[in-house]
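Visitor: Before we discuss any assignment, please show me the sequence and the model, and then let me ask how each label is justified.

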Amino acid sequence: MGALSVNLCGIELDNPVIPASGTFGYGYEFAELYDINCLGTFSCKGTTRQERFGNPTPRIAECSAGMINAVGLQNPGVDRVIAEELPRLKKCFHKPLMANVSGFSVEDYAYTCQKLDEQEQVGWLEVNISCPNVHGGGMSFGTDPRAAYEVIKAVKAVTRKPVIAKLSPNVTDITVIAKACEDAGADGISLINTLLGMRIDLRTRKPVIANTMGGFSGPAVFPVALRMVYQTARAVKVPVVGVGGVSTAEDVIEMMLAGATAVEVGAANLVDPFACKKIVEALPETMARYQIAALREIIGGVKQWEKT
Amino acid sequence: MKQSIFTIERSRPLARDVVELRAHGDTSAITAPGQFVNIRLTGKFLRRPISVCNVAGDELTLIYKIVGGGTRQLAAMRPGQTLDLLTGLGNGYDLSPAGDSPVLLGGGVGTPPMFWLARELLARGKPVRIVLGFNTADEVFYVDELRALGADVTVTTVDGSRGVKGFVTDGLPQDYSYFYTCGPEPMLRAVFRATKTSGQLSFEERMGCGFGACMGCSCKTLTGYKRICKDGPVLRKEEIAWER
């Protein structure tokens, strides 16, 4: 076991750095730039039962220290992911993959997860019950504890691999949803997906994004994500994957202190395609600076202020 | 695609709100006219995609319009300052179907990519006719530079304050073998309708990453879904689906 390694739901990761779904495609664009096997794993583009084009453009807006996207789960559908994307990925990525899945009904989720569960390359299923950019699906499952329970229960019934529920921050108390997922059998919880946001173009007076609203991400959301990771890690027994605004090795360590076993990096990949590689490379030096011998030892290691 | 640091050599205004930027650095990933670079600016989260006007050795020329805070910040940068660029983005124009008498149509800040394209076509011994469209005379730029290459340049302005009064399509010659164009979408639609040959059109879209990862700039085409940043920005006339 290396100083950077962590165990996520029974699978050893060389390091805790995982590009987040939707910011890394199916990996090839980045494999052209560097050997993506330096990553812990990566979470692939959200996959649905049927092919989806997604939302009309513009789908992107800039914000201070972040961005809004309303892509709307564009993907080729699970059958083509298995027939085309996974074989192509096999040539450049040799580690277990985190397969990200979304859906519009409990049956959709179960169907897609079952198919991906059978794929040798897949290590974990990350079940996205938190996409803010689609109607009648995604986030509606992640904002209601009963619906979240139903989805995870159905997925667990037809799969063998670890199931990680990806949660939405657009709720009053995220620990309620996290506990519902844990009760349904989730092997891990990842959070946060994007925060629902909006921008208006002053010249046209229209929303910048054609879908009006979209998911806000980037460094600006890091404190919110960190807080929710902290709350969730104290509420559930299963491992937590920290996601939201992470862009440096210091952010990774902070997330892990808050309770994350592994850490996903999202929007940072879009502005610096080498972001994840740089974070992995910066970890040993950063650990040394803060007297950390092994990353797995700091998970949830945040200390409390003494009450006076 | 490559990530490299470029050093600004010169930044000069060309017309109202239009700036020409010259910088040197590693241009090796830039392989075709019509490609673009994505510029990181201090304090701005997303990069700014700007099409390549010309490449000569390690010297890169970009022309852009000041439209907001990012481009205003870029315009304030001085020689010697450095820029973090992703280079070699997008497919660029395919020169092989040009035929004997191609026509190039540039609208506003869609003009810059026509410079390198014209240079490449002229180097292949093809006579190049260019039609440029602007709103008013004070927006016109790069006519002398394009003429100096040896291209036959026609200028159109909407208000008639310079050249032919009307749109870029009003300057379209009678006969041509193929067309290449870049400009705002209403102009691309007009060019699409007015042209009788096949051709290639370069599109603009709000982008997230600029290199194909985020699916922020996807469009529907007759040959499937395409990412403007990676599978475009240049699309063939035959594959364009206007009803997206």
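**Labels and their grounds**

Guide: B:Pro233 is found in the loop of chain B that runs between β14 (224-227) and β15 (234-236), where helices (H or I, at least four residues) and strands (E, at least two) are DSSP runs numbered from the N terminus. This is a predicted model, in which local features need pLDDT of at least 70 and side-chain atom pairs count only at pLDDT 80 or more, while totals for chains, interfaces and linings use all residues. Residues are numbered from 1 along each chain as its sequence is written, chains are lettered from A and ligands numbered from 1 in the order in which they are written, and side-chain values use heavy atoms, with hydrogens and water left out.

Visitor: What makes the peptide bond between B:Gly232 and B:Pro233 cis?

Guide: Its omega is about 10°, and the bond that joins B:Gly232 and B:Pro233 is accordingly given as cis. A second cis bond leads from A:Thr57 to A:Pro58, with omega near 0°, and A:Pro58 has its place in the loop between α1 and β4 (60-63) of chain A. Such bonds are worth pointing out because most peptide bonds are trans.

Visitor: What is the phi of A:Leu73, and how do you know whether this residue is buried or exposed?

Guide: A:Leu73 has a positive phi of about 60° although it is not a glycine, and its place is the loop between β5 (66-69) and α2 (78-90) of chain A. Its relative accessible area is 7%, and buried means under 20%, exposed over 50% and partly exposed in between (1.4 Å probe, protein chains only), so A:Leu73 is buried.

Visitor: Why does B:Asp17 count as partly exposed?

Guide: B:Asp17 has a relative accessibility of 39%, which lies between the two limits and therefore makes this residue partly exposed. B:Asp17 also has a positive phi, of about 65°, without being a glycine, and it sits in the loop between β1 (2-15) and β2 (18-24) of chain B.

Visitor: Which strand holds B:Val18, and why does this residue count as buried?

Guide: B:Val18 is found in strand β2 of chain B, and because its relative accessibility is 5%, it counts as buried. Apart from residues up to four places away in sequence, B:Val18 touches several residues, among them B:Arg12, B:Ile63, B:Val109 and B:Phe141, where contact means heavy atoms within 4.5 Å.

Visitor: How do you know that A:Tyr26 is buried, and what does its side chain make with that of A:Thr47?

Guide: The relative accessible area of A:Tyr26 is 6%, so this residue is buried, although it lies in a loop, the one between β3 (17-19) and α1 (28-31) of chain A. At 3.2 Å, the side chains of A:Tyr26 and A:Thr47 make a polar contact, a term for a pair of N or O atoms within 3.5 Å, of which, within protein, one must be able to donate a hydrogen and the other to accept it, residues adjacent in sequence counting only if both atoms are side-chain atoms. Beyond four places in sequence, the residues that A:Tyr26 touches also include A:Phe42, A:Asn75 and A:Leu89.

Visitor: What joins the side chains of B:Ser218 and A:Arg59?

Guide: A polar contact of 3.4 Å joins these two side chains, B:Ser218 belonging to chain B and A:Arg59 to chain A. The side chain of B:Ser218 also reaches the backbone oxygen of B:Met215 at 3.5 Å. B:Ser218 lies in strand β13 (residues 218-221) of chain B, and since its relative accessible area is 2%, it is buried. Its contacts outside the four-place window include A:Phe53, A:Gln74 and B:Lys226.

Visitor: What makes chain A agree with a compact globule?

Guide: For 308 residues the globule rule, 2.2 Å times the number of residues to the power 0.38, with the radius of gyration taken over C-alpha atoms, gives a value near 19 Å, and chain A, at 18 Å, agrees with it. The C-alpha atoms fill a box of roughly 50 × 50 × 40 Å along the principal axes, and 62% of the 308 residues of chain A count as buried. Chain A has 10 helices and 13 strands, and among its contacts between residues at least 6 apart in sequence, 72% join residues at least 24 apart.
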